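Welcome! Take a moment to look at the sequence and the 3D view, and then let us walk through some of what can be read from them.

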Amino acid sequence: MKFIDEVKITIASGRGGPGCVSFRRESGMPRGGPDGGDGGKGGDVYIRTSRHINSLVDLRQNKRYAAQNGEMGFGRQKAGHDGEDLVMIVPEGTIIRNLEGEIIVDMTGIDEHLLLKGGRGGKGNEFFKTSVNQAPEHAQPGEEGEEIEVKLELKLIADVGIIGFPNAGKSTLISRISAAKPKIADYPFTTLTPNLGVVKAGDYSSFVVADIPGLVKGAHEGVGLGIQFLKHVERTRVFIHLVDASGMSGRDPLQDYEDINFELKMYDENNQDKEGFFPLSTRPQFVVLNKIDTLSTDQLQKLINSFKKVTGTAPLAISAVTGKNINELVIELGRQILKEEEE
């Protein structure tokens with residue numbers, strides 16, 4: 001399925017049906033009392049989440065979605081049918097904003113939300129009968145429904161986000177620790193959409209990992225895949241900061257680590273005033289050196305010592321290709337997720 005994470009559409013609830021102007025016409029009563037029925041209520045608009053979809057692509061088919069209008073009333077005091085409600089299905093983690101960027105509803109942890117109410121049906125002329133006016137010839141029109149133009153924004157819900165430069169081995173790692181099967185190749189931006197994988201941690205627990213597409217310097221300004229995917233790590237509790245330790249990319253591993261953290265910090269500064277924003281630079285990080293199968297023991301120890309001087313703790317060294325120390329990483333992640341849940 002094509003991954004679509006932003007959609008701009010117009011949504012409208014149904015208009016109420018008009019009331020009916022009618023008079024009884026029976027044998028011996030050519031113009032009896034008023035018997036016009038009420039109009040039906042317009043349909044409401046509900047937003048409902050589903051775990052079975054992970055994209056907003058289906059909502060790209062139309063620019064406008066509307067609930068059904070209520071029917072007009074009928075004679076003999078018969079009310080019109082209510083309009084059918086519109087239920088829009090979206091992935092968990094969808095945020096609905098107005099065009100000014102204000103959050104209308106965040107569908108994280110919410111199964112269903114009434115977004116728009118349909119208009120009330122108009123009263124038929126039978127309603128207006130009084131002792132003074134026993135033959136009213138007017139009825140109410142139905143109320144108009146509500147209509148808004150909104151922006152739907154999907155942010156992946158995951159416990160762990162894997163961040164790092166292109167070709168750090170993120171896709172290989174998520175394929176190693178979960179059943180996810182992302183595209184893997186040796187060129188930048190292999191991953192063009194985030195991938196989700198479920199990781200088992202023991203017999204009874206599990207957590208969700210998101211493989212976030214590669215970041216580069218200037219990502220907070222939209223360079224590379226930039227802001228398009230930086231926002232997806234906002235939902236994660238913990239980061240695996242994956243660093244290519246091999247040096248085969250021609251980059252310095254420690255500089256890569258510092259550059260990515262700078263991007264997170266700058267992204268926070270640019271978005272700190274945005275409603276519902278979750279800062280990135282203060283999240284717990286597991287610094288993980290990948291591709292250690294390409295290094296000698298002395299080279300690896302020297303690199304670990306360099307990171308320890310900067311971060312204060314020794315990074316975990318793994319090889320996503322060979323599986324070395326992968327189990328240790330999963331165990332540590334499971335402990336951190338449990339700690340975050342308890343807090």
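## The chain as a whole

Of the 343 residues in this chain, 48% are buried. Please keep in mind as you read that this is a predicted model. The surface that the chain exposes comes to about 17,900 Å², and carbon and sulfur atoms supply 48% of that area.

If you trace the chain from end to end, you will come across five helices and 14 strands. How do the contacts spread along the sequence? Taking contacts between residues at least 6 apart in sequence, 72% join residues at least 24 apart.

## A sheet of three strands

One good place to start is an open sheet made of three strands, arranged in the order β4-β2-β7, with mixed pairing. The edges are taken by β4 (86-91) and β7 (112-116); each has a single partner strand, so one side of each is left without a neighbour in the sheet. On average, neighbouring strands here are turned by 30 degrees against each other, direction ignored.

Now look at how β2 meets one of these edges. Strand β2 (residues 45-50) and β7 run antiparallel and are joined by four bridges. To find this pairing on your screen, look for Y46, which stands opposite L114 in β7.

## Strand β5, an enclosed strand

Next, turn to β5. Is this strand enclosed or open to its surroundings? Five of the five residues of β5 (residues 94-98) are buried, so the strand is largely enclosed by the rest of the structure.

In a regular strand, side chains alternate between the two faces of the sheet. You can follow the two directions in β5: T94, I96 and N98 point one way, while I95 and R97 point the other way, and all are buried.

## The partners of β5

Which strands pair with β5? One of them is β8 (residues 147-154), which runs antiparallel to β5 and is joined to it by five bridges. Within this pairing, N98 has V150 in β8 as its bridge partner.

Another partner is β6 (residues 103-106), paired with β5 in the antiparallel sense over three bridges. Here R97 stands opposite I103 in β6. Together β5 and β6 form a hairpin, with four residues between the two strands. While you are at the turn, look for G101, which has a positive phi of about 90 degrees.

Technical notes. Residues are numbered from 1 along each chain as its sequence is written. This is a predicted model: local features need pLDDT of at least 70, side-chain atom pairs count only at pLDDT 80 or more; totals for chains, interfaces and linings use all residues. Side-chain values use heavy atoms; hydrogens and water are left out. Two strands pair if DSSP finds at least two bridges between them. Axes are lines fitted to C-alpha atoms, for helices over the stretch in contact, and angles run from 0 to 180 degrees between N-to-C directions. Buried means under 20% relative accessible area, exposed over 50%, partly exposed in between (1.4 Å probe, protein chains only). Contact means heavy atoms within 4.5 Å. Accessible areas come from the Shrake-Rupley method with a 1.4 Å probe; for residues, only the protein chains shown count as cover.
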